[in-house]
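Here's a quick tour of a metal site and some charged contacts. Have a look at the model first, then read on.

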Amino acid sequence: MILQLHSYWAYLTLALLIFALLNAVTGLIRNKDYKEKDLRISLFVLIFAHIQMLIGLAYYFTSPAYKHLKEIGMSAGMKDAHLRLLTIEHPIMMLLAILLITLGFSKQKKRETAKRKFKTIAIYYGVALVLILSRIPWDQWFD
Ligand code: HEM
């Protein structure tokens, strides 16, 4: 149940993140004004990503992958690429990506020109997206 929530919510989080990134890149290229709606879009990504993180954290310690890791031990577990992805690489990379989203959002608020605001979002959210895409367990997402 909680895993399904984590899987469905990931669609929303990813779709919003991609949308916010495209919005920032378009704003930058077309020299647009930074409006209330642009702030809202980046805020929604922040909120959705934090909820995704909370669902992930809540699931983590009850997940079969974590239980299996505990049974076989860290050194044997780390030799199994899939188990390593689920229990270490995915959670750490996602936490890092969410940290970047949080930093990007707060830095963007302090920037003074529209161009710099769009640029900050484009960079921080862009790198976060790459990190997320690199460590999603694609082979089992709605397998
Ligand atoms: C932006 C953040 C995140 C995204 C987009 C994301 C996305 C996903 C996706 C798509 C899956 C595959 C689900 C499936 O099998 O259907 C997954 C699995 C998983 N996620 Fe996340 N996740 C995020 C953050 C986190 C965090 C912060 C944690 C824990 C600290 C976490 C823990 C897990 C675990 C343990 C699984 C493996 C589920 C299993 O046992 O099969 N995730 N995640």
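Let's settle one term before anything else: a residue is called buried when its relative accessible area is under 20%, exposed when that area is over 50%, and partly exposed in between. Keep in mind, too, that this is a predicted model.

**The iron site**

Which protein atoms hold the iron atom of the ligand? The donors from the protein are NE2 of His 6 and NE2 of His 90, lying 2.0 Å from the iron. There are six donor atoms around that iron, and the angles they subtend run from 86 to 179°, so the arrangement comes out as octahedral.

The two histidines come from distant parts of the chain: 84 residues separate them. His 6 belongs to helix H1 (residues 2-29), while His 90 is in helix H5 (residues 81-110).

Are these histidines buried or exposed? His 6 has a relative accessibility of 17%, so it counts as buried. His 90 comes in at 15% and is therefore buried as well.

**Salt bridges**

How many salt bridges does the model have? The count is four. Here are some of them, with the N to O distance for each pair.

| Pair | N to O distance |
|---|---|
| Asp 38 and Lys 37 | 3.1 Å |
| Arg 84 and Glu 89 | 3.1 Å |
| Arg 135 and Glu 89 | 3.3 Å |

Take the Asp 38 and Lys 37 bridge. Its acid partner, Asp 38, is buried because its relative accessibility is 4%. Lys 37, on the other hand, has a relative accessible area of 47%, so it is partly exposed.

Glu 89 turns up in a bridge with Arg 84 and in another with Arg 135. Arg 135 sits in the segment after helix H6 (114-134) and Glu 89 in helix H5, so their pairing ties together parts that are 46 residues apart in sequence. Put the three residues together and you get a salt-bridge network of Arg 84, Glu 89 and Arg 135.

How accessible are the members of that network? Arg 84 has a relative accessibility of 28%, which means it is partly exposed. Glu 89 is partly exposed at 25%, and Arg 135 is partly exposed with a relative accessible area of 29%.

Helix H5, then, is home to His 90 of the iron site and also to Glu 89 of the network.

Key
Residues are numbered from 1 along each chain as its sequence is written. This is a predicted model: local features need pLDDT of at least 70, side-chain atom pairs count only at pLDDT 80 or more; totals for chains, interfaces and linings use all residues. Side-chain values use heavy atoms; hydrogens and water are left out. Donors are N, O and S atoms within 2.8 Å of the metal (3.2 Å for Na, K and Ca); water is not among the atoms, so sites may look incomplete. Four donors count as tetrahedral if all angles lie between 85 and 135 degrees; four count as square planar and six as octahedral if opposite donors are over 155 degrees apart and all others between 65 and 115; anything else is irregular. Helices (H or I, at least four residues) and strands (E, at least two) are DSSP runs, numbered from the N terminus. Buried means under 20% relative accessible area, exposed over 50%, partly exposed in between (1.4 Å probe, protein chains only). A salt bridge is a side-chain nitrogen of Lys or Arg within 4 Å of a carboxyl oxygen of Asp or Glu.
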